[in-house]
Amino acid sequence: MIQLDSKVPSGHISEKWTNHKFNMKLVNPANKRKFDVIIVGTGLAGASAAATLGELGYKVKAFTYHDSSRRAHSIAAQGGINAAKNYQNDGDSVYRLFYDTIKGGDFRSREANTYRLAEVSNNIIDQCVAQGVPFAREYGGTLANRSFGGAQVSRTFYARGETGQQLLLGAYSSLNRQIKLGNVEIYHRREMLEVVIVDGKAKGITVRNLLTGEIESYAAQAVILATGGYSNVYFLSTSAMLCNATAAWRAHKTGALFANPCYTQIHPTCLPVHGEGQSKLVLMSESLRNDGRVWVSKKVNDQRPPNEIPEDERDYYLERRYPSFGNLAPRDVSSRSAKYVCDEGRGINGGKAVYLDFADAIKRLGEHVVKEKYGNLFEMYENIMDENPYKVPMKIYPAPHYTMGGLWVDYNLMSNIPGLFVAGEANFSDHGANRLGASALMQGLADGYFVIPYTIGNYFGSEKPTKVDVNGSEFKQSEEKIKENTNKLLSINGKQTVDEIHKKLGHLLIDKVGMSRDDAGLKKVIKDIADLREEFWQDVKVVGKGEELNQTLERAGRVADFLELGELMAVDALNRDESCGAHFREEHQTEDGEAIRNDKDYAYVAAWEFEEAGKWKLHKEELEFESVELATRSYK
Ligand SMILES: Cc1cc2nc3c(=O)[nH]c(=O)nc-3n(C[C@H](O)[C@H](O)[C@H](O)COP(=O)(O)OP(=O)(O)OC[C@H]3O[C@@H](n4cnc5c(N)ncnc54)[C@H](O)[C@@H]3O)c2cc1C
């Protein structure tokens, strides 16, 4: 019987983490080297955890399916990372960052975790600067920052439009130092397919060597999953094409609870979909909304080019609907607004796109300033769209981007399986029903540099560093399970490609579990996805063999998992009969289309236990708010 315990420490919110750190057990330096830790994932969360745990003296094994840890999807992050430094004296503080984040998530996150995130945000910037991360600076040498959605202060630190890459290079250098010192062993091109549980605790993993197809097992006294999010469940998303949910999903099927799967973020500033042949969507960073103005024509099906639509016939709908936040309204609100105007037929040429216009900014600041701030993003836009955004407004539309749901963890970032920790986008922890821009990098690095290094020590403090036998029956069973699954996939020999089925799943999800959801649509899509899962297992074609490099086989395993996860997203969305953050139920909205939350019945984390394919049991973690009052979220 699973008992959810968030393990939130007592005391005032501003003292919880400090007191908890003091009260936690410590492992003495000589004993640390007796503990082995497995970390799956070398993105910002995994690389920062591996580097820090190595530095502390633990013996770390880090795994990634990439050919270099540097290729993790974190590298794609463009816009920036939040921290409450308050350099501008514009009213920022740890409390304000906490409050903005909890309000941004529509009061559906765990207060204590969100506060801790804001609290360590400043340490992250110091750590990264010390590593040499080249953040943008002002003329006098101080770090520059800019505004992002959902905030009225300027707190986003950035390195041009490649912040993720620069932060990852910082973490990667620290990781490499530990590899050289022998504290971290790195395993590239390995895909984790099972978590191995021995006597009720996570004690290892089983992986497929993607180059040879061999199944290998690795043992440790704790396992950390830092395997990223699941936006690619939608097929088209802004995530790198390799991103998938397999590690988290297999852990879920081994007993880890999956929390709030229906909280998925559809980002407002992406390039519109071009056609059925497309395999990926492109993000235009939210930072562009600092200076770009979003608009559509007031007329339905207006076919005029933008420069022929006079000012008084334009609808700057974000500025009109949300005068205080304007173009910097948070993502869920901005995306839904774009959908509304396009559903009314007022999108560009009556289609699914809106303008992001820099004409005013160029007039006010000069083209050279706009170029300095966003040059590489403008270049990227022109390369893809073949239009010069300095002259013609950009065309944008919302696209799946980030997932707030993930494996359930307690305050220590440990799942309900003892010894299994989850960090970064893979956990559900800090963002509630909607993540604010520039807060994912902050969370990944908070988890890896500043939270898990303490909490894993606390866990080891009550564990004996007994070596785990990698030849034990639990490891053999998990190897057999993987081989059976591989043989099953290879023996179907159907007619449809893996991508064809994945695309069908994507269409079902974006249509019924996308920017808006309703009872009838969700009931139907649950059945449709279950049918599609059957279709997959009857009719997919997976070519090649198991004992070789086989990318079709890799993708088939991941899509099989997405088909189950997609169904759970719909089940969760149906269960949550309220609108909150990015989860918008048509039945619960005000007259002018704003979300109506139901705090009485739904102020809980929905944590799902896997029973069998298509069947889950719901556990609820009631959310308790000691420091903030549950207010109606307004950006007007
Ligand atoms: C285009 C884009 C731009 C973004 N810009 C910003 C931004 O400006 N600011 C911000 O805060 N956030 C941004 N985000 C979000 C942010 O980048 C991610 O949330 C964050 O980088 C995730 O980091 P992570 O370490 O949790 O996971 P990832 O970086 O996705 O790393 C996952 C790691 O896990 C490994 N892995 C996964 N599964 C397995 C497996 N089964 N076996 C072995 N290895 C596995 C992968 O190889 C990889 O190393 C952006 C996202 C996108 C898509």
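## Around Leu225

Leu225 touches Val40, Gly41, Ala247, Ala248, Ala251, Leu407, Val422 and Ala426, leaving aside residues up to four places away in sequence. The model is a predicted one.

## The nonpolar core

Leu225 belongs to the largest nonpolar core, which has 182 residues. Val37, Ile224, Leu225 and Leu407 have the most contacts inside this core. Domain 1 (267-400) and domain 2 (476-622) both give residues to the core, so it lies between them. In soluble globular proteins, nonpolar side chains tend to be buried together.

## The ligand shell

The ligand has 45 residues around it. Gly41, Gly43, Ser74, Gly228 and Gly424 come nearest. Gly41 is also one of the residues that Leu225 touches.

Several elements each supply at least two residues of the shell. They are α3 (44-56), α6 (163-181), β6 (190-198), α7 (246-253), β15 and α12 (440-460). By type, the shell holds 19 nonpolar, 23 polar and three charged residues.

## Strand β14 and its partners

Strand β14 covers residues 354-357. Val354 and Leu356 point one way from the strand, while Tyr355 and Asp357 point the other way. These residues are all buried. In a regular strand the side chains alternate between the two faces of the sheet.

Strand β12 (residues 293-297) runs antiparallel to β14, and three bridges join them. Here Arg293 stands opposite Asp357. Strand β15 (residues 394-403) also runs antiparallel to β14, again with three bridges. In this pairing Val354 stands opposite Ile396. Strand β15 is also one of the elements that supply residues to the ligand shell.

Key:
Residues numbered from 1 in each chain as written. Predicted model: local features only at pLDDT ≥ 70, side-chain atom pairs only at ≥ 80, totals over all residues. Buried ≥ 20, exposed ≤ 12 C-beta atoms within 10 Å, placed from the backbone. Helix = DSSP H or I, 4+ residues; strand = E, 2+ residues; numbered from the N terminus. Pairing = 2+ DSSP bridges. Core = buried A, V, L, I, M, F, W, Y, C linked by C-beta atoms within 7 Å. Domains from an automatic or database assignment. Contact = placed C-beta atoms within 7 Å. Near = placed C-beta within 6 Å. Nonpolar A, V, L, I, M, F, W, Y, C, P; charged D, E, K, R; others polar.
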